[in-house]
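The following exercises concern the arrangement of a sheet and of a helix that accompanies it. Please work through each task before reading its solution.

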Amino acid sequence: MEIREVKITRILNPTSIDLGEYVINPFKGCAFSCLYCYVRYNKVTLKDKRNWGDFVDIRSNAPELLEKELSLKKPQCVLLGSTTECFQPVEKKWFISRKIIEILNKHQVFYTILTRSPFILDVLPLLKEGFCRSIYFTINWFDEALKILLEPKSPPFQERISAIQVLLNENIKVIPYFAPLLPFVCDFREIFQQLEGANCIEFESLNFNLGNIRQIIESIGNVYPQWKTVYEKMASDQKTYHQIFSGIKKEIIKEAGRTKKNHRIFIHNFCSYFENTYVS
């Protein structure tokens, strides 16, 4: 893992994600190295010759810049962590995300956080100050052998669920975000059972439009060889794609009704990039 300190010239960046007027990314890169991470294929990442998951750049002057930019741009709400994980291991040494949240609280700027890390509990007292509007917490549930291939360095699923429960118990608004939905592999019923305290659970399908979808399918096939051909057909045949995800959607709706749970489901369009909307 290559870790280096860098200086940046701007920390508040415009975003098309409807969770804030600006987005803040304290780091570049991510140590969790998820194979299906969409950031692998954004323009900035593609220009970087380093392998995604093998580097983290610490934007050490981000807190200083934020103090200056808040007085100029005066945002009402910002988003944290659209292209990086704010609470990955380097945060425990550098505390960049912590400092950013302290500054946002001081200036009374609301924020939404995207994360998949239980390390967020390290800043729980700051989140309880009342300016954290919501946390979208990515979870999943499938075999450990497959997790090693798809999310080799991400926190265990059970630890994430436990962290969500702590946040919910502290009256922090958390939206468990089950992603990606892997047909025939993910057990979303387990999430409904374990997250009874969540008001709403959101689901996002696997994005078959990712540049490394063949590698993802190979990884799934290594653990579940019986499903490899089905995934290959989903990647090439629109009818199969829609039939399978339509079936999964019906199962989720049925389970949500049985557990009396609010839910939202996002299915990627076949052969076009996903355009998600969030509700904060």
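**Exercise 1.** Determine the strand order of the open sheet and identify its edge strands.

*Solution.* In this predicted model, eight strands make up an open sheet with mixed pairing, and their order is β2-β3-β6-β7-β8-β9-β10-β11. The edges are β2 (13-14) and β11 (262-266), each of which pairs on one side only. At the β2 edge, the pairing with β3 (residues 22-24) is antiparallel and comprises two bridges. Within this pairing, P14 lies opposite Y22 of β3.

**Exercise 2.** State which strands helix α11 touches and how its direction relates to that of β11.

*Solution.* Helix α11 (residues 238-258) packs on the sheet and touches β9 (174-181), β10 (200-205) and β11. The directions of α11 and β11 make an angle of about 170 degrees. With 21 residues, α11 reaches 30 Å from its first C-alpha to its last, close to the expected 30 Å.

**Exercise 3.** Explain why the buried residues of α11 lie on the same side of the helix.

*Solution.* First, list the buried residues, taking under 20% relative accessible area as the cut-off: T240, Y241, I244, F245, I248, I252, E255 and A256. These residues lie on the same side of α11 because they cover an arc of only 135 degrees around the axis. In general, an α-helix has 3.6 residues a turn, so residues three or four places apart point the same way. Next, consider the cover: it includes β9, α8 (188-194), β10, α10 and β11. Finally, the face turned away from the buried side carries the exposed residues K239, Q243, K250, K254 and R258.

How values were computed
Residues numbered from 1 in each chain as written. Predicted model: local features only at pLDDT ≥ 70, side-chain atom pairs only at ≥ 80, totals over all residues. Heavy atoms only, no water. Pairing = 2+ DSSP bridges. Helix = DSSP H or I, 4+ residues; strand = E, 2+ residues; numbered from the N terminus. Contact = heavy atoms within 4.5 Å. Axes fitted to C-alpha atoms, helices over the stretch in contact; angles between N-to-C directions. Expected span 1.5 Å × (residues − 1). Buried < 20%, exposed > 50% of the residue type's maximum accessible area, 1.4 Å probe, protein only. Arc of directions from axis to C-beta.
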